[in-house]
Amino acid sequence: MTERTLIVLRHAKSAWDTGEPDHLRPLAARGLRDGLAVGRVLARYDLDVVLCSTATRARMTWLRAEKGGARCPDVRHDGGLYGADPDDVIRLVRGLPDSARTALLIGHEPTLAEFVLDVAQPSEVTERIAEKFPTAGVAVLRFGGGWEEVASGDTWVETFEVPRGHYGTDDD
């Protein structure tokens, strides 16, 4: 049985005062900093595929994560992640290539927390996620089998962390 890792990332903090439609809102200054911190966390993983919402703040989160050290040869932007419900996310995950062992999903709330709670075994970590899945939150899920089995109940949350950047970090 092949072990799979699914990393679920909520986009970093977005700006609200831009006058842009929701889908086009960029990251706030804090989001830019936190995106770099997320990249340092993601650099620990050998990512095979990234499935990212087409929303500007999600795309920018991935770009900042790359600047922070995250790497992936296969980055896919999927409009279905914007406005998705947990069942939509399950369908997208089930469509990941069988060759991928580690995938990153970048999306939005409340969908991501609901998705994790639907597929993961209850634990202290899932209780934290149920309380709040903050911006730049990173949940690492593990399970055995193929991507098509992600909702089988054999998934567990290995870690959940919320990386934060610091003032003075490169915001270019």
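Which residues point one way from β4, and which the other way? Keep that question in mind while we walk through this predicted model, starting from the sheet that holds the strand.

The sheet is open and has six strands, in the order β3-β2-β4-β1-β5-β6, with mixed pairing. Its edge strands are β3 (75–78) and β6, each of which pairs on one side only. On average, neighbouring strands of this sheet are turned by 20° against each other, direction ignored. As a general point, strands of a sheet pair through backbone hydrogen bonds, and the pairing is either parallel or antiparallel.

Let us follow the strands from the β3 edge. Strand β2 (residues 49–53) pairs with β3 in the parallel sense, over four bridges. If you would like a place to look, find Cys52, whose bridge partner in β3 is His77. β2 also pairs with β4, again in the parallel sense and over four bridges. Here Val50 has Leu104 of β4 as its bridge partner.

Now we can return to the opening question. Thr102, Leu104 and Ile106 point one way from β4, while Ala103, Leu105 and Gly107 point the other way, and all are buried. Six of the six residues of β4 are buried, so the strand is largely enclosed by the rest of the structure. The word "buried" here stands for under 20% relative accessible area.

Beyond β4 comes β1. These two strands pair in the parallel sense over six bridges, and Thr5 stands opposite Thr102 in β4. With β5, the direction changes: seven bridges join strand β1 (residues 3–10) to β5, and the two run antiparallel. Glu3 stands opposite Gly144 in β5 on this side.

Strand β5 (residues 138–144) is mostly covered, with seven of its seven residues buried. Val138, Val140, Arg142 and Gly144 point one way from the strand, and Ala139, Leu141 and Phe143 point the other way. β5 also pairs with strand β6 (residues 156–161), in the antiparallel sense and over five bridges. In this pairing, Ala139 stands opposite Phe160 of β6.

Next, look at the helices around the sheet. Helix α2 packs on the sheet, where it touches β1, β2, β3 and β4 (102–107), and its direction makes about 145° with that of β2. Helix α5 (residues 124–131) lies across β5 and β6, running at about 55° to β6. One residue of α5 to pick out is Glu131. With a relative accessibility of 70%, Glu131 counts as exposed, because the cut-off for that class is over 50%. Glu131 and Ala113 are 18 residues apart in sequence, and their C-alpha atoms are 9.2 Å apart in space.

Finally, how do two helices meet? In general, two packed helices are described by the angle between their axes and the distance between the axes. Helix α1 (residues 29–42) and helix α2 (residues 56–67) pack at an angle of about 60°, with 7 Å between their axes. The two helices are therefore oblique to each other, and their crossing is right-handed. On the α1 side, the contact is made by Leu32, Gly35, Leu36, Val38, Gly39 and Leu42, and on the α2 side by Met60, Trp62, Arg64, Ala65 and Lys67. Sorted by class, this contact has seven nonpolar, two polar and two charged residues.

Key: Residues are numbered from 1 along each chain as its sequence is written. This is a predicted model: local features need pLDDT of at least 70, side-chain atom pairs count only at pLDDT 80 or more; totals for chains, interfaces and linings use all residues. Side-chain values use heavy atoms; hydrogens and water are left out. Axes are lines fitted to C-alpha atoms, for helices over the stretch in contact, and angles run from 0 to 180 degrees between N-to-C directions. Angles under 35 degrees count as roughly parallel, over 145 as roughly antiparallel, 65 to 115 as roughly perpendicular and the rest as oblique. A crossing is left-handed if the near helix is turned anticlockwise from the far one by less than a right angle, and right-handed if clockwise. Contact means heavy atoms within 4.5 Å. Ala, Val, Leu, Ile, Met, Phe, Trp, Tyr, Cys and Pro count as nonpolar, Asp, Glu, Lys and Arg as charged, and the others, Gly among them, as polar. Buried means under 20% relative accessible area, exposed over 50%, partly exposed in between (1.4 Å probe, protein chains only). Two strands pair if DSSP finds at least two bridges between them.
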